[in-house]
Amino acid sequence: MSLALSGAAPAPPADAVDGVWLECIACEETFAPFEDVRYTCDACDGLLEVRYADPPTFEDFSGRGVWRYADALPLESGVSVREGDTPLYEVPRLEADVGVEALRIKHEGMNPTGSFKDRGMTVGVAVARELGVDRLACASTGNTSAALAAYGSRAGMETLVLLPAGKVAAGKVAQASLHGARILEVDGNFDACLDVVQDLAARGEAYLLNSLNPFRLEGQKTIGLEILEAFRDDYGAWPDRIVLPVGNAGNTAALYKAFRELVQTGALAPDDVPKLTGVQAEGAAPMVEAVENGADEVRRWDEVETRATAIRIGNPVNAPKALPGIRETGGTAVAVSDAEITAAQRDLAGEGIGVEPASAASVAGLRTLRAEGAVGGDERVVCLTTGHLLKDPDAAAAAGADPEPVPADTDGVLEHLRA
Ligand SMILES: *Cc1c(COP(=O)(O)O)cnc(C)c1O
Ligand SMILES: [Zn+2]
């Protein structure tokens, strides 16, 4: 099976360009990488992956940010606003409280537009330029639209974003708006927005930059590469497990691909690959359902609801890439309630780390799995936090304490503080 963890690097087909090509994960049909616009397989409509005849080892990486990993990417450089190089934080109180050997937080909210989507866009928008397209589009729960608007404007391209009306956090709409995207508010949920934008792309009206686009996931692989390098330098070992929120499962697929490519060159032993552990909100948990049932396919949920709007997704398009990743690494998936998500958001805030609700799902999921015994006390764990607190100021204000009115004099303030 083409998505197995072990195995040597593939031999390049005739249509490879400089050792890079696109390959269907279902029927193994191959395509030249930058000749035509293509998101899925011409033959069977399966998902495409970027493949490399010469995958990297750690020694190949130099420089800073996402483009430090150019040897693992389809281009040498991209449309950049200095994405990547996000911190891997220690959280000693939370680590002790959850009860694991080591816990680190990889905070992707520290990217230029405040989410990991920037890593995908620096590559995806560069590929769009390579293909010569001029109009970019995405469906979004918010962060993809903010990132697309920023990277599209940097590249001087027109951007269209389709958002589910009334379901996008305030910070994200503000970003898309100021960076100059045309914001189309759709009377429907995210999955309906994605259906429309896929249709626009199929008709040649715009270049699609959702995570269905295989080039975006290449940029997101760098999250996994940064985690491995930083954890090793910091701790002297690889992490046992990476816990991450799951929406369209793009990140789950991207991290798995990063590890697979390192295994292909022998840079990472198959047994050292971290267990990929996905977390969804109870009201939007089709991946968890599939993992629990041992299914190869995900059932689309038509009704989804959660305060964690970034993962309010019922039809995870990257499931065929992500399910093998969870299975082959010995990981799992778990659902958490909105109350548990908010509690985890407070836990992280108490360590000085400000995240939006979807991000906190990773920590909430780790707590659940640790309590159930599915995660051992001897494990070294990294939780991924995907977006910044300021993305969703309303959720942050609701999770935090209320302001206290005081008079405009010192004695009055002191009196209030003593009361
Ligand atoms: C996009 C997003 C997710 C979901 O990531 P997938 O790769 O689609 O699973 C999770 N959290 C935040 C903050 C996001 O913006
Ligand atoms: Zn195919």
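# Close-up views of pockets, cavities and single residues

**View 1. Helix α7 gives the most to the lining of the second largest cavity, with 4 residues.** The model shown here and in the other views is predicted. The space in this cavity comes to about 60 Å³. Its lining consists of Pro-10, Val-50, Arg-51, Tyr-52, Pro-55, Lys-257, Arg-260, Glu-261 and Gln-264. Two elements, β3 (48-52) and α7, give two or more residues each to this lining. Sorted by class, the lining residues of the second largest cavity are 4 nonpolar, 1 polar and 4 charged.

**View 2. The protein is assigned two domains, and these are in contact.** Domain 1 is made of two stretches of sequence, 88-114 and 214-399, while domain 2 covers 117-208. How far apart are the centres of domain 1 and domain 2, taken over C-alpha atoms? The separation is 24 Å. On the side of domain 1, 31 residues take part in the contact, and on the side of domain 2, 27 residues do.

**View 3. The largest cavity lies between domain 1 and domain 2.** The model has 4 cavities of 30 Å³ or more. The volume of the largest cavity is about 310 Å³. It is lined by 29 residues, and Phe-116, Lys-117, Gly-247, Asn-248 and Ala-310 are the closest to its centre. Helices α3 (143-154), α5, α6 (214-235) and α7 (250-264) are the elements that give two or more residues to this lining. Why is the largest cavity placed between the domains? Domain 1 and domain 2 both give residues to its lining, so the cavity lies between them. By class, the lining of the largest cavity is made up of 12 nonpolar, 14 polar and 3 charged residues.

**View 4. The largest pocket also has a lining to which both domains give residues.** The volume of the largest pocket is about 510 Å³. A total of 23 residues line this pocket, and those nearest its centre are Leu-47, Asp-296, Glu-297, Ala-319 and Pro-320. Which helices each supply at least two residues of the lining of the largest pocket? They are α5 (190-202) and α9 (319-328). Helix α9 provides the largest share, 5 residues. In this lining, 15 residues are nonpolar, 3 are polar and 5 are charged. The largest pocket lies between domain 1 and domain 2, because residues of both domains are found in its lining.

**View 5. Gly-142 is a buried residue in a loop.** The loop in question runs between β6 (135-139) and α3. Is Gly-142 buried or exposed? Its relative accessibility is 0%, so Gly-142 counts as buried, the cut-off being under 20%. Setting aside the neighbours within four places in sequence, the contacts of Gly-142 are with Leu-163, Val-168 and Lys-172. Glu-90 is 52 residues away from Gly-142 in sequence. In space, the C-alpha atoms of Gly-142 and Glu-90 are 28 Å apart.

**View 6. Arg-82 and Asp-85 have positive phi values.** Arg-82 is located in the loop between β3 and β4 (88-90). Asp-85 is likewise found in the loop between β3 and β4. What is the phi of Arg-82 near? The value is near 65 degrees, which is positive in a residue other than glycine. For Asp-85, also a residue other than glycine, phi is near 55 degrees. Arg-82 has a relative accessibility of 77% and therefore counts as exposed, a class that requires over 50%. Asp-85 is partly exposed, because its relative accessible area is 38% and that class falls between 20% and 50%.

**View 7. Cys-24 and Cys-383 are buried cysteines in a model with 0 disulfides.** A disulfide is a covalent bond between the sulfur atoms of two cysteines. How many disulfides does the model contain? The count is 0, where the rule asks for a pair of cysteine sulfur atoms within 2.5 Å. Cys-24 counts as buried because its relative accessibility is 0%. Cys-383 has a relative accessibility of 0%, so Cys-383 counts as buried as well.

Key. Residues numbered from 1 in each chain as written. Chains lettered and ligands numbered in written order. Predicted model: local features only at pLDDT ≥ 70, side-chain atom pairs only at ≥ 80, totals over all residues. Heavy atoms only, no water. Buried < 20%, exposed > 50% of the residue type's maximum accessible area, 1.4 Å probe, protein only. 1 Å grid on protein atoms, 1.4 Å probe; cavity = no way out; pocket = protein on both sides within 12 Å on 5 of 7 lines; lining within 4 Å. Points joined across faces, edges and corners; volume = space filled by probe spheres on them. Nonpolar A, V, L, I, M, F, W, Y, C, P; charged D, E, K, R; others polar. Domains from an automatic or database assignment. Contact = heavy atoms within 4.5 Å.
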